[in-house]
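This report introduces selected helices of one structure to a reader who has not met it before. The sequence and the model are shown first.

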Amino acid sequence: MVKKAKSDKLTIAHIIGYGCGDCGGCISMVPIWYFMSRFLQVNLQINAGLLATMLLVWNIWDAVNDPLMGTIMDMTYAKAKPGKDKFRPWILASIPVMFFGTIGFFVVPGKLMGSATMLVAVFCLKIVSEAGYTMMNIAMGSLLGNMAKNDAERAVLASARGFGSTFAHMLGGVVAPLILGKYGTGNEGYGMVAVVFCILGAIVVFLHYALSEERNKGAVVEKTAEEKEAEKFKLSDIVNIVTKNRAFLALVLHSISVCAVQALGSGAATYMFMDVLGNIELQSVGSALSSGLQYAILIAAPLLAKKWDLVAIIRFCLLVGAVAFGGLLAYCLMSTNMNGMLYVVWNALASAMVIMSTQMQWGLVAEAIDYNEYLTGKRNEGTIYGFFSLSRRIGSTIASSLSVLVIAAIGYDPALTNAGLDQAASTINGIKLMVCGFPALAALGSFCCFTFIWCINADVRAKMAAWKDAKAAK
């Protein structure tokens, strides 16, 4: 017997519901992402050396947590009765974990000031909060493959996710400071931010759970003992994903390239505006313009996907972005008196084209999951998405570590800035190379990943569709 989805078409409710996922998750984590370091250093007065050690342990755990959570989801589903939802139950279960973990992080330790118990509470509550977010994020990301049935639907849902996350960060940047302005930056103020954002985040994540639908569950049939044994999750499945799935490999390398290499350029943005252009306010103009362009791209992507596949769209945007950053680099190096507004507009256009690849990659993750099922006969969405998320963390970790070293390597001298003096000409050129050269390299690297490693084309899609039909007909 085949259990059909409630709707054969992707509905407005599906789109809004899926967009609520990243929106709600990001809203719930705004207090920790935006204010954790200052809260721990200033309010709880945790020693810098001890805090650095805690941050290292947390980062290591976060890296392990993503693929571990995805694997657990796959293993749990393998034991479940046919026809059950695979990811939506995890989304629902994540709400109280994020809610109590994040609120507790900002409320409980402050009542235990100066004691060893305070440190234990801080450490454990951060683990709980991140575990809740990871549970929601892995389930939400993996859910796209179970909601979308074609390239156009993947593009629509990926755009909805981009809208959701962008709105959440905008909300955090606007509302959270207002709350702190009213209640102060003491423990009460941060506690109020946590309560407000966690309540709002819980509501939005619940809407994600309620409005989303796993539409690709397929047939509900009684399986033989041999079939059940073959579908059980094994550690060898992870090896097969890495070694056999070229599409997944392309996504991982693309993710590391964009998250790490482009982030190195982003890390030098403040230096560009302050030390080269001499106008930090232009950075706000650039951020606003870039956000507006990103929204325009997110709106256009589903329309373009009706004529071209996602990979073709992403390749085009990456190539245009690489050329645009290359041209901007040439302008910056040749110009002794740069036009600040020209730089802002040019950089925003180039950045928007490259960022397109990160906004649309979620649809390709879903296609890599389909391809993995075609290769292995197993649909390990959770494991694949978990390891993809790990690659993003690796990229971010590389960038955060290298950015400081690169700034030092180009000879940046803070004393000159503090004294109101200009940096050396070689340092100025180094900053220009960072903000324009690194994003150009990131775009070219990602373009190569999708041109020479990505292997899903029209012929492969046809074979995958025929295999699915044959499987359903059995």
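In helix H4, 24 of the 32 residues are buried, so that this helix is mostly covered; buried here means under 20% relative accessible area with a 1.4 Å probe, protein chains only. Helices are DSSP runs (H or I, at least four residues) numbered from the N terminus. The model is predicted: local features need pLDDT of at least 70, side-chain atom pairs count only at pLDDT 80 or more, and totals for chains, interfaces and linings use all residues. Residues are numbered from 1 along each chain as its sequence is written, and side-chain values use heavy atoms, without hydrogens and water.

The table sets expected spans beside end-to-end distances; the expected span is 1.5 Å times one less than the number of residues.

| Helix | Residues | Expected span | Distance between end C-alpha atoms |
|---|---|---|---|
| H4 | 116-147 | 46 Å | 47 Å |
| H13 | 340-376 | 54 Å | 53 Å |

Helix H13 is also mostly covered, with 29 of its 37 residues buried. At its N-terminal end, Asn339 acts as a cap, with a side-chain oxygen 3.1 Å from the backbone nitrogen of Met341. Gly377, with a positive phi near 80°, follows H13.

Helices H3 (residues 88-107) and H6 (residues 187-211) have axes that come within 8 Å and cross at roughly 175°. The two are therefore roughly antiparallel, a term for angles over 145 degrees between N-to-C directions. Their contact comprises 18 nonpolar, five polar and one charged residues.

Methods: Buried < 20%, exposed > 50% of the residue type's maximum accessible area, 1.4 Å probe, protein only. Polar contact = N/O pair within 3.5 Å; in protein donor to acceptor, adjacent residues only side chain to side chain. Axes fitted to C-alpha atoms, helices over the stretch in contact; angles between N-to-C directions. Parallel < 35°, antiparallel > 145°, perpendicular 65-115°, else oblique. Nonpolar A, V, L, I, M, F, W, Y, C, P; charged D, E, K, R; others polar.
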